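Visitor: I am new to this structure and would like a close look at a single part. Please take me through the place where one domain meets another.

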Amino acid sequence: MRIGENGSVLSETSPPAESRAEPRSIVVLGSTGSIGTQALDVIARAPDRFRVVALAAGGGRVELLARQAAEFGVAAVAVADPGAVPALREALAARGARPKILAGMEGVAELAAHPCDVVLNGITGALGLTSTIAALEAGRTLALANKESLIIGGPLVKRLAGPGRLIPVDSEHSALAQCLWAAGPSGADPRAVRRLVITASGGPFRGRTRAELEDVTPEMALNHPTWNMGPVITVNSATLVNKGLEVIEAHLLFDIGFDRIEVMIHPQSVIHSMVEFVDGSTIAQASPPDMRLPISLALGFPERVPGAAPAVDWTRAHTWTFEPLDDETFPAVALARHVGELGGTAPAVYNAANEVCVEAFLKGRLPFLGIVDTVGKVVAEHTVGPADSVEEVLAADAWARERAAELAG
């Protein structure tokens, strides 16, 4: 898997195995979140392969961050909330740990450029953009779980990503990359690909009509049937906004047109994505739903980490089902395609408006169906501009947040 000249992630027919005398050094951003804690679990179980040198988190779980810092003996930590520094310093001292402490999103971005082999960006939302850019500008390999930074940064992020420096962590995009890799020489040629098929669990409301979603509560939306994720991503999975974001991400990573990227509902979440080739062959990647597998592959690429996650039990009978996406009930994916085709600042507006609307929904100010409806209104009002600089992206982001907040009430 490599970054081609056109910015797409392509496959190598046989990635070379590494011979490393020392464990690979890792910086984990968002260490107290779902992706971060699972990444640290992968690292802890493979000390001969990985060592953690720095950690960053939002600041809401100071005790956990301090425990992580002490356990892994990191050189530096950062908290996005400067107000959490005194509590963090006290918690670190109680464990006899004295790493360098950085604060604010500027401090998190500084940590993204910390000397290391790989930066895992597990920050949620648009806040991860500055850290993604900082890591790439510093020449680090970026294991990208923060899909939003690529989606809103688009060409800006792709221009900064040198060959082999941007490795997807999302299970769907990791699966697509593995399928292309497994295809050999044909996987490296976009002309050989007929379409990418991204799977979705369907979330907690699969099979319901739009009318049946009118009274959905936050508690209902947060009850995901397959994955254990943070509240924003879980709600995004319930609305299928997350799948819309993944369609845009796949387009950017693999340089495949939106008309060749499909979404299929697969409730079992065992087939994580598929690649269909022009000769009619389809290659799929299968594994039980466990983010430790794509995390381990991103941290260790091109090597696989033995025992990173359980495999499918082939001694048992399995039934896997696939259903077409109901665009009428879940219009978020179609809206994302439209936004992706518009390009420029449109993806930043889609993402920012959604983040505001999800927060409004979780606080009871906006109905469930109002999330995507409001995002659509904000997108329709936006005049698309170029997204060639961080300033342009963040200006569009700020406008969208303000407008979405006004509409959400």
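Guide: What follows describes the interface between the two domains and then a helix from each domain's stretch of the chain. The model is a predicted one.

The domain assignment places residues 24-168 in domain 1. Domain 2 is made of two segments, 174-291 and 321-408. Taken over C-alpha atoms, the centres of domain 1 and domain 2 lie 24 Å apart.

Where the domains meet, 20 residues of domain 1 are in contact with 27 residues of domain 2. The size of an interface is often given as the accessible area lost when the parts come together. Between domain 1 and domain 2 that buried area is about 2,000 Å², and carbon and sulfur atoms give 68% of it. On the side of domain 1, the residues that lose the most area to domain 2 are Lys-147, Ile-151 and Ile-152, which together account for 31% of what that side buries.

As for polar links, the rule finds zero salt bridges across the interface of domain 1 and domain 2. Four residue pairs in polar contact are found across this interface, with both residues at pLDDT 80 or more.

Several elements build the side of domain 1 that touches domain 2. At least two residues each come from α1 (34-44), α5 (129-137), α6 (147-153), α7 (155-160) and β9 (166-168). Helix α6 gives the largest share, six residues. Sorted by class, this side of domain 1 has ten nonpolar, six polar and four charged residues.

One of the elements just named, α1, also appears in the packing around helix α2: the buried residues of α2 pack against α1, β4 (50-57), β5 (76-79) and α3 (85-94). Helix α2 spans residues 62-72, and its buried residues are Val-62, Leu-64, Leu-65, Ala-66, Gln-68, Ala-69 and Phe-72. An α-helix has 3.6 residues a turn, so residues three or four places apart point the same way. Just after α2, Gly-73 takes a positive phi of about 60 degrees.

Further along the chain is helix α10, residues 231-239. Its buried residues are Thr-234, Val-235, Asn-236, Ser-237, Ala-238 and Thr-239. Their cover includes α9 (218-221), α11 (241-254), α13 (332-342), α14 (346-362) and α15 (368-381). Just after α10, Leu-240 has a positive phi of about 70 degrees.

Definitions and conventions. Residues are numbered from 1 along each chain as its sequence is written. This is a predicted model: local features need pLDDT of at least 70, side-chain atom pairs count only at pLDDT 80 or more; totals for chains, interfaces and linings use all residues. Side-chain values use heavy atoms; hydrogens and water are left out. Domain bounds come from an automatic or database domain assignment. Contact means heavy atoms within 4.5 Å. Buried area is the accessible area (1.4 Å probe) that two parts lose on being put together, summed over both. A salt bridge is a side-chain nitrogen of Lys or Arg within 4 Å of a carboxyl oxygen of Asp or Glu. A polar contact is a pair of N or O atoms within 3.5 Å; within protein, one must be able to donate a hydrogen and the other to accept it, and residues adjacent in sequence count only if both atoms are side-chain atoms. Helices (H or I, at least four residues) and strands (E, at least two) are DSSP runs, numbered from the N terminus. Ala, Val, Leu, Ile, Met, Phe, Trp, Tyr, Cys and Pro count as nonpolar, Asp, Glu, Lys and Arg as charged, and the others, Gly among them, as polar. Buried means under 20% relative accessible area, exposed over 50%, partly exposed in between (1.4 Å probe, protein chains only).
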